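Good morning, colleagues. I should like to take a few minutes to discuss how the helices in this model are arranged. Please have the sequence and the structure in view.

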Amino acid sequence: MAEFAVVGGIGVLVNLAVFNLVRNSTELPVVRCSMISTAVAIIFNYIGFRYFTYRDRDKTRPPREFTLFLVFSAAGLVIENGLLYVATYGFDWDTPLQSNIFKFLGIGVASLFRFWSYRSWVFRAVPAARAAAAPADAGEAGDIPAAAEARIPGSRRKPRETKEPEEEPGEPEAQEEAVGARR
């Protein structure tokens with residue numbers, strides 16, 4: 001989590017710096033400036049997460065990983081900029097200070113979502129490490145473990161499996177010993 005915070009913290013600085021640079025040097029609307037800065041931060045964060053934070057995670061399917069990263073990052077972009085949009089156009093809070101405050105709050109809310117999604121879906125644990133850490137039939141992240149014998153009220157019980165009887169010795173004395181040993 002500390003490595004996520006380091007990369008994320010630098011990403012926040014990149015996001016805010018690009019946001020203020022674009023906002024002050026262009027005539028673009030505030031939310032559009034924010035979306036540009038978020039896109040730049042997403043690229044920075046992918047590089048930092050892949051090669052620093054989650055460098056020990058599974059690297060066998062890079063196209064899948066990158067696609068999921070973009071999907072969850074886009075969802076984070078909507079969360080982050082949705083908050084800024086509501087503040088700017090819903091409440092008419094459009095001063096540079098107000099925009100930066102709501103941009104920062106949006107980044108914080110979106111970061112919680114991104115932390116969960118990147119860790120759970122994008123940068124997955126290496127399969128060997130996952131197998132060593134969990135029982136063989138524990139399933140994937142997010143699976144609900146099944147009970148060994150779940151009984152639904154009103155249902156019939158499954159008949160118990162019976163062991164096959166061991167062969168009885170041929171002589172009567174040996175049969176009596178075998179029966180006595182089982183008791």
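When I speak of an axis, I mean a line fitted to C-alpha atoms, for a helix over the stretch in contact, and angles between N-to-C directions run from 0 to 180 degrees. Please bear in mind that this is a predicted model.

Let me begin with the pair α2 and α3. Their axes lie 10 Å apart, and the two helices pack at an angle of about 150°. Angles over 145 degrees count as roughly antiparallel, so α2 is roughly antiparallel to α3. The crossing of this pair is right-handed. On the α2 side, the contact includes Val30, Met35, Ile42, Tyr46 and Phe49, and on the α3 side it includes Phe66, Phe69, Leu77, Leu84 and Tyr85. Sorted by class, the residues of this contact are 13 nonpolar, six polar and three charged.

I turn now to α3 itself. What end-to-end distance should this helix have? Helix α3 covers residues 62-90, which is 29 residues, and at 1.5 Å a residue the expected span is 42 Å. The C-alpha atoms at its ends are 40 Å apart, which agrees with that expectation. Among the buried residues of α3 are Phe69, Phe72, Gly76, Leu77 and Leu84, and so are Glu65 and Glu80. The buried residues of this helix pack against α1 (2-25), α2 (30-53) and α4 (96-122).

What follows α3? Just after the helix, Asp92 takes a positive phi of about 60°. Most residues other than glycine have a negative phi. Asp92 sits in the loop between α3 and α4. Is Asp92 buried or exposed? Its relative accessibility is 63%, and Asp92 therefore counts as exposed.

Beyond that loop comes the last helix I wish to discuss, α4. Its buried residues include Phe102, Ile107, Ala110, Tyr118 and Val122, together with Lys103 and Arg114. The cover over the buried residues of α4 includes α1, α2 and α3.

Finally, consider α1 with α4. Their axes come within 11 Å and cross at roughly 145°, and this crossing is right-handed. From α1, the contact includes Phe4, Val12, Leu16, Phe19 and Arg23, which meet a set in α4 that includes Pro96, Lys103, Phe104, Ile107 and Phe115. By class, this contact has nine nonpolar, five polar and three charged residues.

How values were computed
Residues numbered from 1 in each chain as written. Predicted model: local features only at pLDDT ≥ 70, side-chain atom pairs only at ≥ 80, totals over all residues. Heavy atoms only, no water. Helix = DSSP H or I, 4+ residues; strand = E, 2+ residues; numbered from the N terminus. Expected span 1.5 Å × (residues − 1). Buried < 20%, exposed > 50% of the residue type's maximum accessible area, 1.4 Å probe, protein only. Contact = heavy atoms within 4.5 Å. Parallel < 35°, antiparallel > 145°, perpendicular 65-115°, else oblique. Left-handed = near helix turned anticlockwise from the far one by under 90°. Nonpolar A, V, L, I, M, F, W, Y, C, P; charged D, E, K, R; others polar.
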